[in-house]
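Work through the exercises below with the sequence and the 3D structure open. Try each task before reading its solution.

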Amino acid sequence: MADVTLSDIRKSYGAVKTIHGVDLDIKDGEFVVLVGPSGCGKSTLLRMIAGLETITGGTLKISDRVVNELDPKDRDIAMVFQSYALYPHMTVATNMGFSLEHRGAAKTEIAERVKWAAGILGLTDLLDRYPRQLSGGQRQRVAMGRAIVRNPQVFLFDEPLSNLDAKLRVVMRGEIKALHQKLKTTTIYVTHDQVEAMTMADRIVVLNGGKVEQIGAPLELYDHPANRFVAGFIGSPSMNFLTGTITKEGFQTSGAVVPLPKVTDTVIGQAAVYGVRPEHFRLDNHPDYASVRAEIVLIEPMGSETQVTMKLGDTLVAGVFRERINGSPGDMIHVSLDIDSIHLFSEDGTTRLN
Ligand SMILES: Nc1ncnc2c1ncn2[C@@H]1O[C@H](COP(=O)(O)OP(=O)(O)OP(=O)(O)O)[C@@H](O)[C@H]1O
Ligand SMILES: [Mg+2]
């Protein structure tokens, strides 16, 4: 168990800078998820923590020890990759015990640790099988077993579920969470899937272009994204954005005026970006919500909810409603907006205005 501290961590490949100074304090036992679009530097950052990639600048500490120059094997870290990389000619038990054997552990200790890990991961009956005789989810569990037998101070996961089908991903993400609750090992988990990030993390780090955009608890990021990038990245379906001007009467966007939350007078007249999540539209004329007219473009009944693409002024927006909706493209409907849940950003998207 250990804290992990990154101070101004940088990475360049030759002249190309990919990580631009990342600061991150991970507490002992915390489950931190690094999330961001492809190429933003998630794997690079994780590989630097693991010692698989050199660190160009800054300081990396595990517990109180600076480990910048330390060999991967001396960092007491275990990493689980997207490709499980199991040895095909070894049984599950041998695969799981391999790293201990490699370190010269005694046979009885290896057997004991493997038995313990197999028990935790539900692999006890599969110990004599070969990887080819396992399902994808079982293989992923063996890969995790291989990581936990050593009882490392830190677990690193790099998109461990992306090779699994959607259903199994949901099951396995629950298993990884449960494993963390049992072992309480500091965990850094990389994904580009924001649903995984939301459901698994104690804290999420949103990365973009090698920089941290925001760090916070999942619902903090959801409710108070610091900028337009985070607002658009966290949440599914994504937040809708309208561009326009803040006026005394409301937010003036092309072809419509939409209701504004309370703002300071200083921003009146300012060009801005208006963000509203699909679930913050209502069909009923809720007394607390201000109403606007929208034109139905597409109705998609999902059973539990209805997704509606609609035109608000000249902008296409997505709404998600609890109700079932009868209507056809071209029909006008009244929708209300939960103004307490409106997000306002500067025109360039970099700062939050409310
Ligand atoms: N060995 C390398 N040499 C040069 N550039 C590299 C190298 N490895 C990674 N990069 C670059 O560094 C940037 C970050 O890559 P990285 O693999 O960390 O992204 P990622 O966030 O993990 O993306 P993905 O979600 O696609 O896995 C990318 O622009 C990539 O092209
Ligand atoms: Mg990656």
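**Exercise 1. The whole chain**

What share of the 354 residues in the chain do buried residues make up?

*Solution.* Begin with the ground rules. This is a predicted model, in which local features need pLDDT of at least 70 and side-chain atom pairs count only at pLDDT 80 or more, while totals for chains, interfaces and linings use all residues. Residues are numbered from 1 along each chain as its sequence is written, chains are lettered from A and ligands numbered from 1 in the order in which they are written, and side-chain values use heavy atoms, with hydrogens and water left out.

Next, fix the term: buried means under 20% relative accessible area, exposed over 50%, and partly exposed in between, with a 1.4 Å probe and protein chains only. Buried residues make up 47% of the 354 residues.

Then add the outline. The chain has eight helices and 20 strands (DSSP runs numbered from the N terminus: helices are H or I with at least four residues, strands are E with at least two). Its C-alpha trace spans about 75 × 45 × 35 Å along the principal axes.

**Exercise 2. Helix H1 and ligand 1**

Describe how H1 is covered, then find what surrounds ligand 1.

*Solution.* Step 1: H1 runs over residues 42-50, and seven of its nine residues are buried. They are Lys 42, Thr 44, Leu 45, Leu 46, Met 48, Ile 49 and Ala 50. After H1 comes Gly 51, with a positive phi near 90 degrees.

Step 2: the shell around ligand 1 includes Tyr 13, Thr 18, Pro 37, Ser 38 and Glu 159 (a residue is near a molecule if one of its heavy atoms lies within 4 Å of it). H1 gives the most to this shell, with three residues. Lys 42, Ser 43 and Thr 44 are also among the surrounding residues. By class, the shell holds three nonpolar, six polar and two charged residues (Ala, Val, Leu, Ile, Met, Phe, Trp, Tyr, Cys and Pro count as nonpolar, Asp, Glu, Lys and Arg as charged, the others, Gly among them, as polar).

Step 3: look for polar contacts (pairs of N or O atoms within 3.5 Å; within protein, one must be able to donate a hydrogen and the other to accept it, and residues adjacent in sequence count only if both atoms are side-chain atoms). A polar side-chain atom of Tyr 13 is 3.2 Å from a nitrogen atom of ligand 1. For Ser 38, a polar side-chain atom is 2.5 Å from an oxygen atom of the ligand, and for Ser 43 the distance to an oxygen atom is 2.8 Å. On its own, ligand 1 has 640 Å² of accessible area, of which the protein covers 56% (areas come from the Shrake-Rupley method with a 1.4 Å probe; for residues, only the protein chains shown count as cover).

**Exercise 3. A loop residue**

Is Glu 30 buried or exposed?

*Solution.* First locate Glu 30: it is in the loop between strand S2 (16-26) and strand S3 (31-35). Glu 30 counts as buried because its relative accessibility is 11%. Last, check its side chain: a polar atom there lies 2.9 Å from the backbone nitrogen of Lys 27.

**Exercise 4. Unusual backbone angles**

Which residues does a cis peptide bond join, and where do Ser 63 and Lys 184 lie?

*Solution.* Start from the general rule: most residues other than glycine have a negative phi, and most peptide bonds are trans.

- The cis bond joins Ser 236 and Pro 237, with omega about -5 degrees. Pro 237 lies in the loop between helix H8 (228-233) and strand S11 (240-247).
- Ser 63 is not a glycine, yet its phi is positive, about 55 degrees. Ser 63 sits in the loop between strand S4 (57-62) and S5, and counts as partly exposed at 29% relative accessibility.
- Lys 184 also is not a glycine and has a positive phi of about 55 degrees. Lys 184 sits in the loop between helix H5 (166-183) and strand S8 (186-191), and counts as partly exposed at 47% relative accessibility.
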